[in-house]
Amino acid sequence: MDWNTEGSTEADEKSPESREVVMVKSDGEKVENQTVTISMCGSTPLLWRVAEIKKCREEVGVIGSLVGSLARQPRQNVRLGRPLEILQEEARLLEETGKATALKHKELSEHKESRSDAVKLYHARLERSYVEQCSLALEDKKAVLQRVINEKQNDHKGNAGAEQAVRERLESLEKSFSFPRSAMAVQLCTARAGFSHCPEEHAFLAADWPRLRDKRSETRFQVYKDLRSKGFYLTAAGKFGGDYLVYPGDPLRFHAHFIALCLPMDEKLPVCDVLAIARLGSNVKKTVLLCSPQDISEEEEVGEKVVYSSLQWSGMV
Amino acid sequence: MDAENVQPALVPIDFSNELLSSSELFQRRSQSHKIPVRGQKDFLPNDSVQQKACLEKILEEHWMLVTEERVERVGNLVNAEWIPEEKLVKLLTPAGKFWQTMGFSDQGKQCLFPEEALYLMECGNLQVFYQDLPLSIQEGYESFLSDETVTYLEYQVFSHLKRLGYVLNRLDARSPSLYKQQLNQPPFSNRSSKHRKRKWSQSPSFRLCNKKSTSSPEVSSGDQKGEIMTSVFLEAPGNLQTKQAFQDETLNSDPESVKAPWRNWWTNTSNEPQPDSLNPSELYWDFSCIFFPDLGSNSANCACLPPPDPSLLPGDLHVPECKLAHWHRNINLKKEHLSKQQQQRDQNRHRCNINDDQEVSQCRNWVEYLELMEKRRNQQQSERLTNFDKHEVMPLAQPRKCSSHRELLEQVSIIQSYDLLVGKPRLSDSDQWGITFNVYQPDIEFKKSYPGKPYTRLCVSSFDGPVPNLHVLKQLSFQSGDVPVTFAVVDHGDISFYCFKEFKLPTDVY
């Protein structure tokens, strides 16, 4: 974790609006010019920051799947939270378009000096947060008591004694109020807070990206790129026995239309496999697409990079 | 401090928007825990205003949920420290409710496995520090998950089931071992529980136990196999209860029984290669070579049985001679007496009457009868011989040589049945395929010290990986004993569970 964000947090605390501005700014400008960081967990590419996840979805159409527990309600599987696991093809596309660099995680920093400074900062920040939350809690309590007084005044039924008691409590609140440390709220950060890597470290770590470039992943990537360029959204389709589920619009709102099966031109497929996947596709009301990338030499005249054939059951009466 | 102020300038990334301010923290203390419901999906996008609005609304909710950070009160958080050298998380403050199902104590310290710690971090119950700084969840993923601890895939399955409420623990040396868990399993625990009982009430169960372990082979050779197998699991060192029980037995046994060692049963097996019964890889006992005492017939007269060959017993286990009088009373010998006449009658019924044979009845004297018999024998033999000469074909089964359908089927079967587990090094593939977790159902009162029989055991694999072959399936299910093995197959965050069930075709047809 990095606690070097003094300046900006101070600005935030003045008003919630200023925070909004920062957010827009970081979404709009900063992230725009900034490459997204893909963090590798083993061989799996993950995205951790909301701004980056949002940018990838909006600009490149990277959908991926959320795999972490949802902060709001962690003990359920219906809606999940960060991190976002993305497909190898999505990661490759991000990387090839220069929008992202992949990083193998750095070992936890052992740098003693910078570490002790960071610890000091962390505690200072914690202390300040406590003081501020303390005063916020006091304000909160005062507001509640004031509201009670107002209500009693509006009541008109007298009962001055009770009102007086509340008023006394309000006056003595300043002295008697105590905000226990255990009541203080702290944030459990999801993403690493800020990046303490220096640029050289970036370059060094980026070399760790696993490059599995076999025929199959090549085929998959070509199909992915082509379908994406046609405006479809893609997610993994292992459960449907295919390579991708193909959506006509954002998967949050639309059903998938196709199950894409990536198949090199020269690969033979047993008929029973074809039957099996076609049958499966019709059972889930989706069309099976056999996607075969063309050789670049052939491509010149045809113009299509990938050939698509759809499978459908047809009844004979 | 100066250095700290310079650094942000070097790195222009500003993700401060993910660090919350004090006022936000304070407000978040009382945030709602409701999850907005997603409506029905549409089939085709049609650029209508309605659809756009719908998408916008749902995306807004989506980003709101994804953006949300975990905010907890200090008082509700358990603090812990990450120890990279040991790959463990040690608690710094007393554990919470999660201690019922997670963690273990090591030298007085409460420890969590990294996957447990990470799950609790995601739940907002635990704050893990490393060198006095709290770790983010990202750092948790990056530092805790590895091949030495639990892989990313395994953690996905772990957290998925944890979120559903299942209790999971690792299947390895640190958690209670497979052997220890088997002790706690009902089918395997018969013996140990009996021994335990004996400690409280000695005489009745003493008889019970002896009867079981000395029952005659023709009655329960199958049972015996099971018994022996369990004893292999049970008699590992450290099973004090069993040892204790057998010592009790020694004290109780009659001193006069020592003088009657007339038949040294079980010693026939001393040449067998199996005496090292502690090795679980030697579970295959050849019961045609191990003789069990025949106690049903003549030997019923003798007072006691000599002790079994000590080379067959594990460790310092002493089994004294066994007095038969105790359990002889329990055998119903009467039934045997009664059945003798009936048996004879039965036998007579099955023997065919020789006078029914036409040819035999035509014989006028004994000589002619013998000649007839001789003739028939020769005829039969020559018939058979000519058959063999002509076709070079052997009958698969000789008539009257099989007493049951099963025997006949065994003789007829040309393809030998093959046990996948015999002759191959046990669990050689375990580095690729292995059981990772024990799973216990959510509703059961779970005790870490006595987890009992797991609901299932998990083997985690990926959709990109290979399908397990039959050998792997067999090995894993053998390793797991009578607990089913479930395969959790992960596809980009989507987890499917599969399990293979064994099915035996019936072979005996009557």
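In the predicted model, strand β6 (residues 126-130) of chain B runs antiparallel to β7(B), and two bridges join them. Within this pairing, Phe129(B) has Pro134(B) of β7(B) as its bridge partner. Both strands belong to an open sheet of six strands in chain B, which follow one another in the order β4-β5-β3-β2-β6-β7 with mixed pairing. The edges of this sheet are occupied by β4 (104-106) and β7 (133-134) of chain B, each of which has a single partner strand, so that one side of each is left without a neighbour in the sheet. Helix α4(B) packs on the sheet, where it touches β2 (78-83), β3 (88-91), β5 (109-112) and β6 of chain B, and its direction makes about 120 degrees with that of β6(B).

Helix α4 (residues 114-123) of chain B also meets helix α6 (residues 152-163) of chain B, the two axes coming within 10 Å and crossing at roughly 55 degrees. The two helices α4(B) and α6(B) are therefore oblique to each other, and the crossing in which α4(B) passes α6(B) is right-handed. On the side of α4(B), the contact is made by Glu115(B), Leu118(B), Tyr119(B) and Glu122(B), and on the side of α6(B) by Tyr155(B), Phe158(B), Ser159(B) and Lys162(B). Classified by residue type, the contact of α4(B) with α6(B) comprises four nonpolar, one polar and three charged residues. The spacing of such contact residues can be read against helical geometry: an α-helix has 3.6 residues a turn, so residues three or four places apart point the same way.

Taken as a whole, chain B contains 17 helices and 14 strands, and 23% of its 510 residues count as buried. Of the contacts in chain B between residues at least 6 apart in sequence, 62% join residues at least 24 apart.

Strand pairing also links the two chains. Strand β6 (residues 185-188) of chain A is joined by four bridges to β1(B), and the two run antiparallel, with Ala185(A) standing opposite Arg73(B) in β1(B). Along strand β1 (residues 70-73) of chain B the side chains alternate, in that Arg70(B) and Glu72(B) point to one face and are buried, whereas Val71(B) and Arg73(B) point to the other and are not buried.

Chain A has an open sheet of its own, in which five strands are arranged in the order β7-β8-β9-β10-β11 and the pairing is mixed. Its edge strands are β7 (233-236) and β11 (306-311) of chain A, each pairing on one side only, and the twist from one strand to the next averages 30 degrees. At one of these edges, β7(A) is joined by four bridges to strand β8 (residues 244-247) of chain A, the two running antiparallel, and Thr235(A) stands opposite Leu245(A) in β8(A). Helix α8 (residues 215-229) of chain A lies across β7, β8, β9 (258-262), β10 (287-293) and β11 of chain A and runs at about 145 degrees to β9(A). Helix α9 (residues 271-283) of chain A lies across β9, β10 and β11 of chain A, running at about 135 degrees to β10(A).

Elsewhere in chain A, helix α3 (residues 50-60) includes Val50(A), Ala51(A), Glu52(A), Ile53(A), Lys55(A), Cys56(A) and Arg57(A) as buried residues. Helix α3(A) is followed by Gly61(A), which has a positive phi, near 75 degrees.

How values were computed: Residues are numbered from 1 along each chain as its sequence is written. Chains are lettered from A and ligands numbered from 1 in the order in which they are written. This is a predicted model: local features need pLDDT of at least 70, side-chain atom pairs count only at pLDDT 80 or more; totals for chains, interfaces and linings use all residues. A residue is buried if 20 or more other C-beta atoms lie within 10 Å of its own, exposed if 12 or fewer, and partly exposed in between; C-beta atoms are placed from the backbone. Two residues are in contact if their C-beta atoms, placed from the backbone, lie within 7 Å. Axes are lines fitted to C-alpha atoms, for helices over the stretch in contact, and angles run from 0 to 180 degrees between N-to-C directions. Angles under 35 degrees count as roughly parallel, over 145 as roughly antiparallel, 65 to 115 as roughly perpendicular and the rest as oblique. A crossing is left-handed if the near helix is turned anticlockwise from the far one by less than a right angle, and right-handed if clockwise. Ala, Val, Leu, Ile, Met, Phe, Trp, Tyr, Cys and Pro count as nonpolar, Asp, Glu, Lys and Arg as charged, and the others, Gly among them, as polar. Two strands pair if DSSP finds at least two bridges between them.
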